[in-house]
Amino acid sequence: MDDCLFCRIIRGEIPSAKVYEDDRVYAFRDINPQAPVHVLVVPKAHYKNVSDCAGKDPGLTGYVFKACTDIARAEGLENGFRLTTNNGPDACQSVEHMHVHILGGAKLTDKMG
Ligand code: 5GP
Ligand code: ZN
């Protein structure tokens, strides 16, 4: 996807604060953090959201979530963290490349909507 923002970040065309990378996923700090720790974890392959990814490559979807838990541990979030993935317009998804938000580092609000 030539003009996808997160594909461009993965390719290094747009700078990002990398947290983790392997052959299947890339993780970087959100530019507008909503918690003391706010990391975005994306599959390197382009899928527009988690529904798209889960439908076409459920193994990769699971791999992304496993990577999230490993990164949360590496970030020191032993006391808890939240994984959020916005899927489509009603969820206010703003970047159409699947991504999971890792949020933590403080007590989060109990409101999720
Ligand atoms: P969404 O609203 O689609 O669930 O989340 C998109 C996220 O991407 C937002 O939290 C936003 O702050 C983040 N974001 C948008 N553009 C950039 C960017 O250029 N670099 C980084 N690191 N994060 C970005
Ligand atoms: Zn993309």
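Which protein donors does the zinc ion (ligand 2) have? That was my opening look-up, and I kept in mind that this is a predicted model.

**Entry 1, the zinc site.** I found Cys 4 (SG), Cys 7 (SG), His 46 (ND1) and His 97 (ND1) as the protein donors, at 2.0 to 2.3 Å from the zinc ion (ligand 2). I then checked the geometry: the angles among the four donor atoms run from 104 to 116 degrees, and the site is tetrahedral. For comparison, I noted that the ideal angle for four tetrahedral donors is 109.5 degrees. Along the sequence, I read the donor spacing as C-x2-C-x38-H-x50-H. Cys 7 and His 46 link distant parts of the chain, 39 residues apart. I placed Cys 7 in helix α1 (residues 5–10) and His 46 in the loop between β3 (37–43) and α2 (50–56).

**Entry 2, accessibility of two donors.** I looked up Cys 7 and got 6% relative accessibility, so it counts as buried, being under 20%. His 46 came out at 24%, so it counts as partly exposed.

**Entry 3, Cys 92.** I found Cys 92 in the loop between β4 (81–84) and β5 (100–104). Its phi is near 60 degrees, a positive value in a residue other than glycine. I jotted down beside this that most residues other than glycine have a negative phi. Cys 92 counts as exposed because its relative accessibility is 60%, which is over 50%.

**Entry 4, Val 100.** I located Val 100 in strand β5. With 0% relative accessibility, Val 100 counts as buried. Leaving aside neighbours within four places in sequence, I listed its contacts, among them Val 39, Val 41, Phe 65, Cys 68 and Leu 83. I also checked Gln 34, 66 residues away along the chain: its C-alpha atom is separated from that of Val 100 by 13 Å.

How values were computed
Residues are numbered from 1 along each chain as its sequence is written. Chains are lettered from A and ligands numbered from 1 in the order in which they are written. This is a predicted model: local features need pLDDT of at least 70, side-chain atom pairs count only at pLDDT 80 or more; totals for chains, interfaces and linings use all residues. Side-chain values use heavy atoms; hydrogens and water are left out. Helices (H or I, at least four residues) and strands (E, at least two) are DSSP runs, numbered from the N terminus. Buried means under 20% relative accessible area, exposed over 50%, partly exposed in between (1.4 Å probe, protein chains only). Donors are N, O and S atoms within 2.8 Å of the metal (3.2 Å for Na, K and Ca); water is not among the atoms, so sites may look incomplete. Four donors count as tetrahedral if all angles lie between 85 and 135 degrees; four count as square planar and six as octahedral if opposite donors are over 155 degrees apart and all others between 65 and 115; anything else is irregular. Contact means heavy atoms within 4.5 Å.
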